[in-house]
Every structure is written in C-alpha cells, then in structure tokens.
Amino acid sequence: MLSKNSTIQEIYETVVGRDVFDKILLQLNINRKVLSLPFIKNMSLKTLERSFYKIIGNDLIDALINLVNSEKDQPVESIEPIEQRWFKEAVFYQIYPKSFKDSNGDGIGDINGIISQLDYLKELGIDCLWLSPIYDSPNDDNGYDIRDYKKIAQDMGSMEDLKNLIDELHQRGMKLIMDLVVNHTSDEHQWYQKALQGDRAYQDYYYLVDSEDVPNNWVSFFSGSAWKYEPSLNKWMLHLFSKKQPDLNWNNPVVRQEVSDIVNFYLDMGVDGFRMDVINYISKAEGLPQGNEIIGKLMEFYGIEHYYYGPHLHDYLRELRMDSFEKYDSFSVGETPGVGIQMGRLLTQSQRKELDAVFNFDHLETPGHTRFDEYKYDLNYLKQYYIHYNKCLRNNDWITLFVDNHDNPKMASKINHDSIHYDKLCMLLNGMLLTLRGSVFLYQGQELGTRNQPFQTIDDYKDVESINKYNELICNNHKDPLSVLLAGSRDHGRVCMMWDESENYGFGSKGWFMNLEKNPQAIVSKQMATIDSVYNFTKELIALRKELKTFVYGTVDFVKESKKNYFGYYRKHNDESLYVEMNLSDRYLPKYQNTKEYQLIFSNTKQHRKSLSPYEFNIYRVK
Ligand code: ISL
Ligand code: CA
C-alpha cells in the first residue's frame, strides 16, 4: 500500500500512478523526463504536498493515493509469440450511419444505403465495419441516447435490414461490430419511464438520489452540472452526458444482466462484436464523492477521478465477457477516454479476458491543448506518442490505431488545413496507421482526404455538445465563441459523405447535414478515377498490408528517433524486413537513414530525390 511517505518514483512505478502522472504532465505540457531527476523522483508525496500546498491544496494527494491503491494488479510482461486473431489483421471502417449513404431519398443515411456500398468498401479492402448507433433513439445525442436496444431506428431501416446487412457482409467475407452504449440510456427508455412512474425496481437501474441540494460537483461532458432534478420523484438524476442520458447503475446486478442480454441478442444474430461507448465510466466510486478541485480544473471535468477507472470496472467487464463475448469468436473494443497506457494494458491483456482492445485518446491533441483550442498540431508529437506507446507493449498487448472518428475534427486539418500538400499529408497519416502494429480504424471519408468544414454561424451546427458549448461561452461573455466551435466541433466528422457530383454530393436536397466543403477533390467518384488519389493510395496500401503479414505481427523498431520531422521504423517478421520512412513536415528533409540498398515497394511520391519531399511516405523491402 502506498502512502504519503511514498516517493514520486514509487508512485510512478504503479500502473495508475504512471498513467496519472503522464496525463498531468501532458496536460501541463511538461516533459516526462523531469520525473527522472533525482531531486524529483526521491521526493515524498508529503514533501510534494507541503511544497506546493498553495497550488494543490490538501486533498489532491489523497485522491491520487486512493486511486493508486485501488489497483492491485500489474500487466504481465509476456514474451510468448503474438496470438493470431482475426481482429488483429482486420482493417476496420467506422460508419456514421446517418451521414454515410441514403437509400430512400429522405436525406438520412440508412442500413440499405450501407448495403448498397458494400462493394465499394470491399474493393477498398475493408474487413470489418463499426456502425455508430442505429437503434431507436430520440436523437438528443444522435443515437448515443438509446430508447430501445432491440429496435432499429425508423430512419435507419428495420431489424430485417440489419439481418440482411450481416448476411451481405458475411457473404463478402466481411464482419460487423455495433456500438454498445450502456453507460447510460435515453430518458425515453422504458426503464427510465418506469422509474419516473415510481417503480422502485427501475429506479435502482439509475442513479436517482435523495438530496436537499445537488448531490455533488460533478459536471456533464456536455456543459453544466451532471445532475438533473426530477420534480416528480423529488430526486436527482446523474447524467455524465446530456440531460436526456441518465447513467445506468452497474452496481445493480439486474442492470448487468440486461446488458449481457442485449449483447447476446446481437451476437446470436451474427454480429461479430462491439465497440463499447465510454465503457470505463460504468463503475462509480462508492457514495459518489465530491470531485477534486484541482483535477476538475486540470481535466476540465469535475468528478472524473471517481468514475473513469472505478472500483469494479475490471469485475464488471470480466463478468460481461464471460456471459456473452467469450462464447463467440467476437471482438470487443472499449472507448476509454482518460485511460492511459498502463491502465489500458490491464483492460486488454489477452489472458485477463476483459476487453480485446481500447481506444486511447492521448494523441488527439498535442501537450497542453484541448480539442476546442485553435492551434496547429505538430506531427512530431504523434511520432513520439507511437514510439512511447510501442515501447510499453508486449506480445500479449494489443492496441487500436486511428486518428479520426465522429467525435473529432479531422486530424489532417488540425495539422495543415490549407496546405497544397494536403492530400499527401492524408496519405501519410493513412500510411502510418496501416504500417504500425495494431488494429487499424479508418473513419468514413478518411480514404478520400476529407477536411474540416467552413462552418460560419451557430445554425451551421447540429451537435448537442457544440450547441451547449456555444450557450455556455455566450453566458461567460466569450469574445469569439464561433471560433472555438470551429476548432473543436464534433460536427466536422458528422457531415454527409461526398459520393458524386450530383446534388449535395449524392444526399439530395433533403440531406440532414450538408457538406459545406467546396473542395471537389474529396469526392468518391473523383478519387476512384484519379490514379494518385488518397483513395487509391489507401486501397493499394491496404492490399499490401493484407499480403505482408509483417505489418500485423512483425516487431516494430524505431530509428533516428530524435531527428525532428523524420519518422522511420523497421517491421520484421520471420525472414521479412520492411522499412517505413516519412517526412512529417511540409518542407524538404534529409533522408537520415541510408536506404540505398533497399528496394522501394510503396510510396506517395512519384519523383524521388536525394531528400524527402513534403509529407513523403515510403516503404522499402530490406534485401
Ligand atoms: O466529446 C467529448 C466530450 O467533450 C468526448 O469526451 C466524448 O463525449 C467521449 O469521448 C465519449 O464519447 C462517446 O459517448 C458520448 C457520445 O456523445 C459520443 O459520440 C461517443 O463517442 C455519449 O454517449
Ligand atoms: Ca434514408
């Protein structure tokens, strides 16, 4: 057990301690090397608290010690060969169904629209689709607020359509994972409705708390308090997300039973696994204690330390896996915001039987920045992130590789939105993902080189998070709320796919969310017809990755790590050795690694020179 007498180094050697320190340093933009300075690492927590009392107060260290002591396990440092599984070889493709493809002219993407594009996805080389929620929902959070888990939203189609989709996918040798949103339901779910009508059994499904005043200082991810007063019950309801998304009480075994029942319902139907929404938030600390002020300010969300790695997280995940996933050759990937590398390892190591992989989000912003900051993303950070991440992993670990999803602006836009080399940059990003070790998740449009939207007025936004954020900024007299939204809105990822040059790029006049981008390059029809497009680059590289299993199971050895703007690594497996190199900048760069004897097998550049051109990406076979 660690205590205030423990040193910083002792804390850093624990799973939680390491991740928490790394996170704090990241947020404060301080290099983690400071922790190796003798003066720092040998300092006891007591001294740390005393020295910085004015800044950190008297309960931050207690909060840290509690969290650290709550985790008794350590990752297993296995040297066994990597276990071969389908999801490690697969290239995943995330679909935001509303925006993907409309089949019936109502302007809203649907299941039949997806079916109509399966040949397109197969040709691209996609192995498995992940669908953002398609269940019945009042759409307060675009489907992440589910009213009925076993019913398909009317706009999306029917259960028959879903079965059809599964058949059509399986016939093509492809798979499907669905979104499992079970940290919360919609307040229109019958469970919550029954709770509101006074049914005690259903009240126990949620956090409905008796209290004179707001039960604690936790805040919602979508602005304001995480508590809503329910006058008819005279109780407070916990909602970490919108007011229409009450959190489920996982301490109630009946709730856990309901969840495994939902999972089994779909796995029995033939679905191949789930992406599990904010699954690390399901276990909340006993008594729902007040969030620490300093952590709240630093992380922007008060209370987070009491639920992002809660006391029963491992138990609940294991139980769910045994009751459902384990009976099938299925895949589970957890969306785990805030979880660091070591905690992620404990959630995913194969012998622990919790999750197969998680999404770690620490690469989406550079140190010291949050999503709504307007800044230029430096790719050297992404490089260091992957180098560090890989060095922490053993063969019993598995990770996901991604840069875009429905909750973020486009990574390439953050890096260099206006560059004349934008397409090459997109190729480089896709190239990096497809040649590192991990399951690759492409987001719809990423194969085209789509970019952020030129949103101008508040009416251009649809997302509940953006709209709440805007109102909050207005209340706080912010000078330029629209520029904040433009930098960080999730809507950049949610506009409709651009299929062709017909009205609204194929979504017609009723399109639910028009693509305002006036860059006609990133359209499917054009990209397919252009030899050196982002699409063709991505398609050919996926094919190469399928052919060369070295990219999946090979070792990763980074070279020239300290050369700014240069990223190079070897992938080796059996007798094969491949070398990947890239220029992370939009200027010419020396070729730091000698590749003269190597055979160039893949590139985003036609004319090769002595130096690397802007965003050049090359793969060599080492002879
Ligand atoms: O956008 C965020 C809050 O500022 C992210 O932290 C995001 O909410 C978080 O990653 C959780 O995302 C998932 O759950 C949400 C849903 O709105 C997101 O679309 C989903 O990916 C609630 O279900
Ligand atoms: Ca439709």
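This report describes the overall form, domains, calcium site, cysteines and salt bridges of a predicted protein model.

## Overall form

The protein has 623 residues and a radius of gyration of 24 Å, which agrees with the value near 25 Å that a compact globule of this length would have. Along the principal axes, its C-alpha atoms occupy a box of roughly 70 × 65 × 55 Å. Buried residues make up 62% of the 623.

The secondary structure consists of 25 helices and 20 strands. Among contacts with a sequence separation of 6 or more, 70% join residues that are 24 or more positions apart.

## Domain organisation

Five domains are assigned to the protein. Domain 1 covers residues 8-69, domain 3 covers 190-238, domain 4 covers 459-489 and domain 5 covers 554-621. Domain 2 is assembled from several stretches of the chain, namely 86-182, 252-280, 307-458 and 490-538. Between the C-alpha centres of domain 1 and domain 5 there is a distance of 38 Å.

A residue pair gives a further distance within the model. N574 is located in the loop between β15 and β16, and its relative accessible area of 71% makes this residue exposed. The C-alpha atom of N574 is 32 Å from that of K327, with the two positions 247 residues apart along the chain.

## The calcium site

The calcium ion (ligand 2) has protein donors from D102, N104, D106, I108 and D110, at distances of 2.2 to 2.3 Å. D102, D106 and D110 each contribute an OD atom, and N104 contributes OD1. For I108, the donor is the atom O. The spacing of the donor residues in sequence follows the pattern D-x1-N-x1-D-x1-I-x1-D.

Which of these donors are buried and which are partly exposed can be stated for D106 and D110. D106 counts as partly exposed because its relative accessibility is 25%. D110, in contrast, has a relative accessible area of 3% and is therefore buried.

## Cysteines

No disulfides are present: a search of the whole structure returns 0. For C496, the reason lies in distance, because the closest cysteine sulfur, in C426, is 19 Å away from its own sulfur and too far for a bond. The limit for a disulfide is a sulfur pair within 2.5 Å.

C496 is buried, at a relative accessible area of 3%. C128 is likewise buried, with a relative accessibility of 0%.

## Salt bridges

Side chains of opposite charge can pair when their charged atoms come close. The count for this model comes to 46 salt bridges. One of them joins the side chains of K4 and D62, with an N to O distance of 3.5 Å. This pair links distant parts of the chain, 58 residues apart: K4 belongs to the segment before α1 (8-12), while D62 belongs to helix α6 (residues 60-69). Both partners are partly exposed, K4 at 23% relative accessibility and D62 at 34%.

A salt bridge also forms between the side chains of K391 and E561, at 2.8 Å from N to O. Because K391 lies in helix α18 (residues 379-391) and E561 in the loop between β14 (555-559) and β15 (566-573), the pair ties together parts that are 170 residues apart in sequence. K391 is partly exposed, with a relative accessible area of 45%, and E561 is also partly exposed, at 28%.

The side chains of K591 and E581 meet at 3.4 Å, N to O, in another salt bridge. Here the partners are 10 residues apart, with K591 in the loop between β17 (589-590) and β18 (599-603) and E581 in strand β16 (residues 576-583). K591 counts as partly exposed at 24% relative accessibility, whereas E581 is buried, with a relative accessible area of 0%.

## A salt-bridge network

Salt bridges also connect residues into a network, whose members are D141, R371, D407, D463, E465, R490 and R494. Its acidic members are D141, D407, D463 and E465, and its basic members are R371, R490 and R494.

Methods:
Residues numbered from 1 in each chain as written. Chains lettered and ligands numbered in written order. Predicted model: local features only at pLDDT ≥ 70, side-chain atom pairs only at ≥ 80, totals over all residues. Heavy atoms only, no water. Donors = N, O, S within 2.8 Å, 3.2 Å for Na, K, Ca; no water. Buried < 20%, exposed > 50% of the residue type's maximum accessible area, 1.4 Å probe, protein only. Domains from an automatic or database assignment. Salt bridge = Lys/Arg side-chain N within 4 Å of Asp/Glu carboxyl O. Helix = DSSP H or I, 4+ residues; strand = E, 2+ residues; numbered from the N terminus. Rg over C-alpha atoms; globule rule 2.2 N^0.38 Å. Contact = heavy atoms within 4.5 Å.
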